[in-house]
Amino acid sequence: MNESNATLRLTIDHQSGVARYRQLLEQFKGLFSGQYLQEGDKLPSSRELASMLGLSRSTTIKVYDILISEGYLVSQPKKGLYVAHMAALLPGELELAKRPPLKRAKNKKSMLNEPIQLGSGIDVSAFPHKAWAASMRRSWLNPDIGVIQGEYHNGLPRLKEYLADYLANVRGLECDQEQIIITSGNRDALSIMSHALLSDYQDEARVWLENPCFPAMSRFFQWLGRDLKPLPVDQEGAATPKLTHAKPNHLHLALITPNRQYPLGMAMSSLRRQEWLTLLSQVNSHVEGKVQVKDAGLWVIEDDYDNEFYYQGRLGVPLMNLDESQRTFLLGSFSKIMFRGLRLGYIVAPKAHIERIKKSQRQLGPSASLPMQSALLDFMEHGHFNAHLRRMRRLYRDKRDYLEIQINHYLGKYCDWQKPNGGMHTLVYLKEKWTQKWRELEHNKLACLDQALMESLLEKGMHISALSPYYFEKNNIKQGFVLGFTEPSKTDIDTILAAAEKQLSIFLQQK
C-alpha cells in the first residue's frame with residue numbers, strides 16, 4: 001500500500017460561492033478518474049486533511065463519508081482510509097480511469113498541423129490565462145438571469161455601457177450603449193449590415209471595397225452575389241467612389257478602413273476624409289430631398305480592426321464621429337485584443353438607424369455568446385482588460401522593432417518598407433527590378449513573385465502572406481508581403497525571413 005501525496009493536488013478557494021465540501025469532493029473524483037489516486041493508495045486522516053487545507057474536521061469527515069458510500073474509498077479499522085479496487089467505481093468513472101491523461105502538445109502549431117507563420121494574431125504566451133479563467137468562473141457563479149434565458153439579443157447591457165465609455169476614452173467616439181450591437185465578429189456584423197441595408201436591393205445596389213482589401217471581405221460580398229467596385233488606394237487613403245452619373249434610385253455601400261488601411265497600413269489624410277464627408281452629405285441630402293426610394297444613396301461601413309495598438313503619434317477620430325448625415329457605421333472586434341476564439345465584436349450604429357440593425361439581428365438570430373460576454377465584462381470590471389492592453393502594446397512595439405531589424409538584415413536587398421506607427425503587421429514591397437526580372441525568367445509559372453514565394457515556403461511548413469492576392473481587381477497590383485509581428489516568436493521571425501531570403505535568391509538566380 002502506498003502513502004498518497006494527494007493533498008499536494010488539493011486546493012480550496014475560500015472566497016468561492018461553491019460549498020467547500022463540494023470543491024473537495026469534486027477534486028477527489030478528478031484525482032480518481034485521472035488515475036492520480038490508484039487502488040491501495042492511503043489517504044490522510046480526516047483530522048490531518050482538515051489541518052492541511054484549513055477546513056473544519058466536520059467538512060473532511062463529510063467528504064470521506066460520501067466517497068466511502070459511493071465506493072471510491074474503503075476504511076480499514078486501525079489502519080486508515082484507502083482507495084478502493086477500481087471495480088467498485090461507477091461505470092462512467094471506471095472508463096475515465098482507464099484512459100491515460102491527455103498530454104499537452106509542446107508546440108501549438110504541431111498540434112494543429114499548421115505551418116509557422118508571420119501572423120497578426122495574438123501572442124498566446126503573453127495572454128493572462130489565470131485572470132481570464134477567474135473571470136469566467138466568477139461570471140458564472142451568480143449569472144444574470146437574462147443571460148441564462150437568452151434575453152439580451154443585442155448584447156449584455158452592462159458590457160455595452162462599458163464599451164461606450166471605452167470608445168469615448170480610447171477612440172474619441174461619442175455614442176451611448178443603445179447604439180452598440182454586440183456581434184460574434186466581423187462576419188456576423190457584415191451579415192447583419194448586409195441584411196439591414198442591402199436586402200431590399202438587387203441590381204440597384206453597388207458595393208465598393210478598397211483595392212486591395214482583406215480577401216475575406218471581397219469573398220463575402222461575392223458570395224452574396226453583389227456587384228463589387230474597387231476603391232483605389234493611394235498615399236491619402238481610399239479614394240471616394242465615382243457617383244457623378246449614378247442613378248438616383250441606386251444604393252451604394254462602401255466598406256473602408258480609414259484609420260489604418262488594410263493591408264497597406266496608411267492612415268487616411270484629413271483632406272481625403274473631408275472628401276468622404278462631403279460626398280456623404282451631398283449624395284444623401286440629394287436622395288432625401290428629391291427621391292422617394294427608401295434609403296437609396298450612400299452608406300459607409302468603417303472597419304476599426306486593430307486601432308487599439310498605436311505606438312506613436314495620434315490616432316484619428318473615427319469618421320463616424322464627423323458624419324452629420326448619419327450614414328456611417330463603425331465595426332470593431334475583440335479578437336485582436338483578446339483572442340480569435342472569443343468571437344465577439346460590435347457594431348456602432350447612428351441613432352437614426354439603430355432599430356433597423358436590431359431588427360435584422362433579430363431576424364437572422366443572435367449568435368454572440370452571452371456567457372462569453374459576461375466573462376469579458378468581468379475581465380473589464382476587474383481592470384484586467386486595460387492592463388492586458390497596455391502590456392500587449394509594449395510587447396507588440398518591441399516585436400515590431402525587432403521585425404524591422406530582421407527585415408533589413410534578410411530582405412533589405414529585395415524589398416522596401418516603412419515602419420508602421422501602429423497595428424499588428426507591416427507591409428514590405430518587392431523592388432521593381434526583382435519583379436521585372438521574375439517576369440523575364442522563362443521558368444516561372446506564376447506571374448507574381450510574391451505568390452510564388454508564398455507557395456514555396458508553404459511546402460516547407462512556413463507561411464508568409466503575399467500582397468498580390470489582396471487585390472480583387474487585378475489592375476495595377478503591387479507585389480510584396482503582409483508580415484504580422486504580434487503572433488510569432490522572435491525565433492519564428494528569424495526562421496521564416498531567413499528561408500524567404502534563401503528562396504528569393506534561388507528564384508532570382510542570385511549567388
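Trainee: In which loop does Arg-343 lie?
Mentor: This is a predicted model. Phi of Arg-343 is near 55°, a positive value in a residue other than glycine. Arg-343 lies in the loop between strand 12 and strand 13 (345-348).

Trainee: Is Arg-343 buried, partly exposed or exposed?
Mentor: The relative accessible area of Arg-343 is 47%. Buried means under 20% and exposed means over 50%. Arg-343 is therefore partly exposed.

Trainee: Where is Gln-326 found?
Mentor: Gln-326 has a positive phi of about 55°, although it is not a glycine. Gln-326 counts as partly exposed, at 32% relative accessibility. Its place is the loop between strand 11 (297-303) and strand 12.

Trainee: Which residue does a cis peptide bond join to Asn-211?
Mentor: Omega of this bond is about 15°. The partner sits in the loop between strand 7 and helix 10. It is Pro-212.

Trainee: Which loop holds Pro-263?
Mentor: A cis peptide bond joins Tyr-262 and Pro-263, with omega about 15°. Pro-263 is in the loop between strand 10 (251-256) and helix 11 (270-290).

Trainee: How many residues apart in sequence are the parts that Asp-306 and Arg-260 tie together?
Mentor: Asp-306 forms a salt bridge with Arg-260, with the closest N and O atoms 3.6 Å apart. Asp-306 lies in the loop between strand 11 and strand 12, and Arg-260 in the loop between strand 10 and helix 11, so the pair ties together parts that are 46 residues apart in sequence.

Trainee: Are Asp-306 and Arg-260 buried or exposed?
Mentor: The cut-off for buried is under 20% relative accessible area. Both Asp-306 and Arg-260 are buried.

Trainee: What is the N to O distance between Glu-432 and Arg-439?
Mentor: Glu-432 is exposed, with a relative accessible area of 53%. Arg-439 is partly exposed, at 42%. Their side chains meet in a salt bridge, and the N to O distance is 3.0 Å.

Trainee: Which residue forms a salt bridge with Asp-227?
Mentor: Asp-227 is partly exposed, with a relative accessible area of 31%. Its partner is also partly exposed, at 29%. The closest N and O atoms are 3.7 Å apart, and the partner is Lys-229.

Trainee: How many salt bridges does a search of the whole structure find?
Mentor: Among the linked residues is a network of Arg-400, Asp-401, Glu-404 and Lys-419. The search of the whole structure finds 18 salt bridges.

Trainee: Which helix gives the most to the lining of the largest pocket?
Mentor: The largest pocket has a volume of about 1,400 Å³. Of the 49 residues that line it, the closest to its centre are Ser-120, Phe-214, Ser-335, Lys-336 and Arg-340. Elements that each supply at least two lining residues include helix 5 (108-112), helix 9 (186-198) and strand 12 (328-333). The most comes from one helix, with four residues: helix 10.

Trainee: How many of the ten residues of helix 16 are buried?
Mentor: Helix 16 spans residues 449-458 and is mostly covered. What covers its buried residues includes helix 15 (432-440), strand 18 (480-484) and helix 17 (490-507). Among the buried residues are Asp-450, Met-454 and Leu-457. The count is seven.

Trainee: What is the area of the nonpolar surface patch made by Trp-140, Ile-145 and Ile-148?
Mentor: Ile-145 lies in helix 7 (residues 145-148). Ile-145 is exposed, with a relative accessible area of 53%. The patch area is about 330 Å².

Notes. Residues numbered from 1 in each chain as written. Predicted model: local features only at pLDDT ≥ 70, side-chain atom pairs only at ≥ 80, totals over all residues. Heavy atoms only, no water. Buried < 20%, exposed > 50% of the residue type's maximum accessible area, 1.4 Å probe, protein only. Contact = heavy atoms within 4.5 Å. Patch = residues over 30% accessible without salt bridge, like charges linked within 9 Å, V, L, I, M, F, W, Y side chains within 5 Å. Areas by Shrake-Rupley, 256 points an atom, 1.4 Å probe, with all protein chains shown as cover. Salt bridge = Lys/Arg side-chain N within 4 Å of Asp/Glu carboxyl O. 1 Å grid on protein atoms, 1.4 Å probe; cavity = no way out; pocket = protein on both sides within 12 Å on 5 of 7 lines; lining within 4 Å. Points joined across faces, edges and corners; volume = space filled by probe spheres on them.
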